[in-house]
Amino acid sequence: MDHLLRIEHLGIAVKDLATAEEVYTRLLGSGPYKREVVEREGVTTSFFKVGPNKIELLESTTPDGPIARAIEKRGEGIHHVAFEVADIRAEMARLKAAGFQLLSEEPKPGADNKLVCFVHPKSANGVLLELTQEIG
Ligand code: CO
């Protein structure tokens with residue numbers, strides 16, 4: 001059985017969303033299809049389609065939010081890799097049993113009509129992973 005179905009999107013931490021949107025619009029040849037604030041996560045997101053995949057630009061809504069802290073530590077750049085899954089609770093249980101450290105016990109509503117759960121980078125070679133399931 002396929003567990004992680006595909007890479008759904010790459011999350012990129014940016015200092016200024018409008019500037020980054022201009023860059024990625026120039027790169028990809030078309031603009032973002034959605035902008036969305038996820039207040040609980042302290043981010044404003046902007047989504048671009050790249051074939052069957054997406055790029056998610058992330059700007060912090062607060063000076064001490066997770067994206068602001070990530071940029072402080074490492075500068076702008078790739079923040080997380082998101083995998084599409086068919087059954088997020090089953091995948092969370094599987095990964096937990098397989099030794100991965102989940103950042104939440106329950107899936108949470110994320111941007112772009114998804115349920116999400118993050119996996120701590122220290123259990124995945126320094127990469128923050130996101131499991132994402134479309135809300136049907
Ligand atoms: Co994401």
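## The sheet

In this predicted model, 8 strands make up an open sheet with mixed pairing, and its order reads β2-β3-β4-β1-β5-β8-β7-β6. The edges belong to β2 (34–38) and β6 (108–110): each has a single partner strand, so one side of each has no neighbour in the sheet. On average, neighbouring strands are turned by 35° against each other, ignoring direction.

Zooming in on one pairing, β1 (residues 6–13) and β4 (residues 53–60) run parallel and are joined by 5 bridges. Within that stretch, G11 sits opposite E56 of β4.

## Helices against the sheet

Helix α2 (residues 66–74) lies across β1, β3 (43–50), β4 and β5 (77–84), and it runs at about 90° to β4. Helix α3 (residues 88–97) packs on the sheet too, where it touches β7 and β8. The direction of α3 makes about 155° with that of β8.

## A look at H120

Now for a single residue. H120 is found in the loop that links β7 (114–119) and β8 (129–134). Is H120 buried or exposed? Neither label quite fits: its relative accessibility is 22%, so H120 counts as partly exposed, given that buried means under 20%.

As for its surroundings, the side chain of H120 reaches the backbone nitrogen of K122 at 2.9 Å. Setting aside neighbours within four places in sequence, H120 is in contact with Q101, L103 and V127. F100 is 20 residues away from H120 in sequence, yet their C-alpha atoms are 7.5 Å apart in space.

Methods:
Residues numbered from 1 in each chain as written. Predicted model: local features only at pLDDT ≥ 70, side-chain atom pairs only at ≥ 80, totals over all residues. Heavy atoms only, no water. Helix = DSSP H or I, 4+ residues; strand = E, 2+ residues; numbered from the N terminus. Buried < 20%, exposed > 50% of the residue type's maximum accessible area, 1.4 Å probe, protein only. Contact = heavy atoms within 4.5 Å. Polar contact = N/O pair within 3.5 Å; in protein donor to acceptor, adjacent residues only side chain to side chain. Pairing = 2+ DSSP bridges. Axes fitted to C-alpha atoms, helices over the stretch in contact; angles between N-to-C directions.
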